[in-house]
Amino acid sequence: MGSSKGARAKLRAHFLGNIGVILTSDELRAVSGGISEWARRVRELRNEEGFRILTHHDRSDLRPGEYLLENPKPVPAFERAISKETRAYVLDRNGFTCQQCGAVAGEQHPYDATRKTRLQIGHVIDKSQGGSDEPGNLRALCSVCNEGAANLTLDRPSLHKLLVQVRRATAQDQLEVLKWLRTKFPPA
């Protein structure tokens, strides 16, 4: 446990020492001391400590495996509130299998042969969107599928359905979507 906290502290210090600089996954792995769980530590910085670490999911100019901390000030983060008992229940209920890709805990991962499957608990409806920590809103996800899954629900809408939803939204919400799209796809 101490090494994971040490790795997180090293990663935090590296991000804070490189505000506005694009960092690569290889660099972050090395900074963490080469631990295999470096990506989980980055997610903890984002989810538990509130650091707004951007990836290609947030900005179109970032490639997969690139990370960027633009602002050193963390935003309020949600506390981890899932008990060990609830975690055990959800893993058992889901047969110790990723509910997205079907990978089984402890076996070689089907999409990343370099590591064994590690399961995490993910929210069906993210806490930031009003989801709860109740077992009915939780599912087992492997670390590969859970990476970058924050604030996404399992089913992605088709383009047509998405456009219908945006058109039905209030003008203020449409402006918020536009603002977000402008940050993800800044003018060249």
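This is a short conversation between a visitor and a guide about a predicted model.

Visitor: What does the protein chain hold, in helices and strands?

Guide: Welcome! The protein chain has 7 helices and 5 strands. Along the sequence they follow the pattern α-β-α-α-β-β-α-β-β-α-α-α. Of the 188 residues in the protein chain, 32% are buried. Among contacts between residues at least 6 apart in sequence, 56% join residues at least 24 apart.

Visitor: Why is Cys 98 called buried?

Guide: A residue is called buried when its relative accessible area is under 20%. Cys 98 has 3% relative accessibility, so it counts as buried.

Visitor: How do you know that Cys 98 is not bonded to Cys 101?

Guide: Two cysteine sulfur atoms form a disulfide when they are within 2.5 Å. The sulfur of Cys 98 is 3.8 Å from that of Cys 101, its closest cysteine sulfur, and this is too far for a bond. Cys 142 is in no disulfide either, with the nearest cysteine sulfur, that of Cys 145, 3.6 Å away. In total, the structure holds 0 disulfides.

Visitor: What makes Cys 142 buried?

Guide: The cut-off is again under 20%. Cys 142 has a relative accessible area of 0%, so it is buried. Cys 142 also belongs to strand S5, where it stands opposite Leu 119.

Visitor: What makes S4 largely enclosed by the rest of the structure?

Guide: Strand S4 covers residues 119-123, and 5 of the 5 are buried, so S4 is largely enclosed. Leu 119, Ile 121 and His 123 point one way from S4, while Gln 120 and Gly 122 point the other way, and all are buried.

Visitor: How do you know that both faces of S5 are covered?

Guide: Look at the two sides in turn. On one side are Leu 138, Ala 140 and Cys 142, on the other Arg 139 and Leu 141, and all are buried. With 5 of its 5 residues buried, S5 is largely enclosed by the rest of the structure.

Visitor: Why are S4 and S5 called a pair?

Guide: Two strands pair if there are at least two bridges between them. S4 and S5 (residues 138-142) are joined in the antiparallel sense over 5 bridges, so they pass that cut-off.

Visitor: Why do S2 and S3 count as a pair?

Guide: The cut-off is at least two bridges. S2 and strand S3 (residues 66-69) have 2 bridges, in the antiparallel sense, so they pair. Leu 54 stands opposite Leu 68 in S3.

Visitor: In what order do the strands of the open sheet of 3 strands come?

Guide: The order is S1-S3-S2, with antiparallel pairing. Strand S1 (23-24) and strand S2 (53-54) each have a single partner strand and stand at the edges, so one side of each is left without a neighbour in the sheet.

Visitor: How is empty space found?

Guide: Rolling a probe the size of a water molecule over the atoms shows where empty space is left. In this model, the second largest pocket holds about 400 Å³ of space. Its lining has 16 residues, and Ser 36, Trp 38, Ala 39, Asp 112 and Arg 115 lie nearest its centre.

Visitor: Which helices supply the lining of the second largest pocket, and how is that lining made up by class?

Guide: Helix H3 (38-47) and helix H5 (143-146) each supply at least two residues. The largest share, 4 residues, comes from H3. By class, the lining has 9 charged, 4 polar and 3 nonpolar residues.

Definitions and conventions:
Residues are numbered from 1 along each chain as its sequence is written. This is a predicted model: local features need pLDDT of at least 70, side-chain atom pairs count only at pLDDT 80 or more; totals for chains, interfaces and linings use all residues. Side-chain values use heavy atoms; hydrogens and water are left out. On a 1 Å grid over the protein atoms alone, a cavity is a set of points where a 1.4 Å probe fits but cannot get out, and a pocket is an open set with protein on both sides within 12 Å along at least five of seven lines; lining residues have an atom within 4 Å of a point. Grid points are joined across faces, edges and corners, and a volume is the space filled by probe spheres set on the points. Ala, Val, Leu, Ile, Met, Phe, Trp, Tyr, Cys and Pro count as nonpolar, Asp, Glu, Lys and Arg as charged, and the others, Gly among them, as polar. Buried means under 20% relative accessible area, exposed over 50%, partly exposed in between (1.4 Å probe, protein chains only). Contact means heavy atoms within 4.5 Å.
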